[in-house]
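Student: Could you show me how to read the features of a protein model, one after another? I would like the general idea each time, and then the case at hand.

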Amino acid sequence: MPEQSILLGFDFGMRKIGVAVGQMITRTANPLTMLKAEDGIPHWELVRELIKIWDIDAIVVGIPLNMDGSTQPLTFAARKFARRLHARFGLPVYTVDERLTTIAAKRTKNVTQLDSYAAKLILEQWLGEQG
């Protein structure tokens, strides 16, 4: 991925989806917003607007797994969300194991930003794994 790439990171949830924006050049991310969702489906026009505003090149979605690495119902829903993002917007969509990001996010004092902060951690994890 080019060093100038800008990415959106998502912390998927059935009722709330945290969003962060980051960049390859510094391999850092910032919490952006939280989208309300119904059964894991956000208002897609809001996602489209974020992609347009930030001129996004790729998307990263956190995939929740159990601590032993096994799947859970939310795992399949998050993977479906990732596939929908790719189908709707035609951007590359990457996934990353998000175990412990919500716990780490809860350690921050800004509880109102919990979902977007978790998305920041997910995106930074993926960016760090890119070498």
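**Reading the sheet and its helices**

Tutor: Let us begin inside: 5 of the 6 residues of strand 1 are buried, so strand 1 is largely enclosed by the rest of the structure. Buried means under 20% relative accessible area, exposed means over 50%, and partly exposed lies in between, with a 1.4 Å probe and protein chains only. Please keep in mind that this is a predicted model, in which local features need pLDDT of at least 70 and side-chain atom pairs count only at pLDDT 80 or more, while totals for chains, interfaces and linings use all residues. Residues are numbered from 1 along each chain as its sequence is written, and side-chain values use heavy atoms, with hydrogens and water left out.

Student: Which helices and strands does the chain have, and in what pattern?

Tutor: Helices (H or I, at least four residues) and strands (E, at least two) are DSSP runs, numbered from the N terminus. The chain has 4 helices and 6 strands, and along the sequence they follow the pattern β-β-β-β-α-β-α-β-α-α. The radius of gyration is 13 Å, close to the 14 Å that the globule rule gives for 131 residues, so the chain is as compact as a globular protein of that length. Here the radius is taken over C-alpha atoms, and the rule is 2.2 Å times the number of residues to the power 0.38.

Student: How does strand 1 pair with strand 2 and with strand 5, parallel or antiparallel?

Tutor: In general, strands of a sheet pair through backbone hydrogen bonds, either parallel or antiparallel. Two strands count as paired if DSSP finds at least two bridges between them. Strand 1 and strand 2 run antiparallel and are joined by 6 bridges, one pair of bridge partners being Phe10 and Val19 of strand 2; these two strands form a hairpin with 4 residues between them. Strand 1 and strand 5, in turn, run parallel and are joined by 4 bridges, with Gly9 facing its bridge partner Val60 in strand 5.

Student: What is the order of the strands in the sheet, and which strands stand at the edges?

Tutor: The open sheet of 6 strands has the order 4-3-2-1-5-6, with mixed pairing. Strand 4 (41–42) and strand 6 (93–97) stand at the edges, each with a single partner strand, so one side of each is left without a neighbour in the sheet. Strand 4 pairs with strand 3 (residues 28–38) in the antiparallel sense, over 2 bridges, and there Ala37 stands opposite Pro42.

Student: Which residues of helix 1 are buried, and what do they pack against?

Tutor: The buried residues of helix 1 are Trp44, Val47, Leu50 and Ile51. They cover an arc of only 120° around the axis, which puts them on the same side of helix 1; the arc is that of the directions from the helix axis to the C-beta atoms. They pack against strand 1, strand 2, strand 3, strand 4, strand 5 and helix 2 (73–89), where contact means heavy atoms within 4.5 Å. The face turned away from this buried side carries the exposed residues Lys52 and Ile53.

Student: Is Lys120 buried or exposed, and which residues is Lys120 in contact with?

Tutor: Lys120 is found in helix 4, and at 14% relative accessibility Lys120 counts as buried. Leaving aside its neighbours within four places in sequence, Lys120 is in contact with Ala20, Ala29, Asn30 and Pro31.
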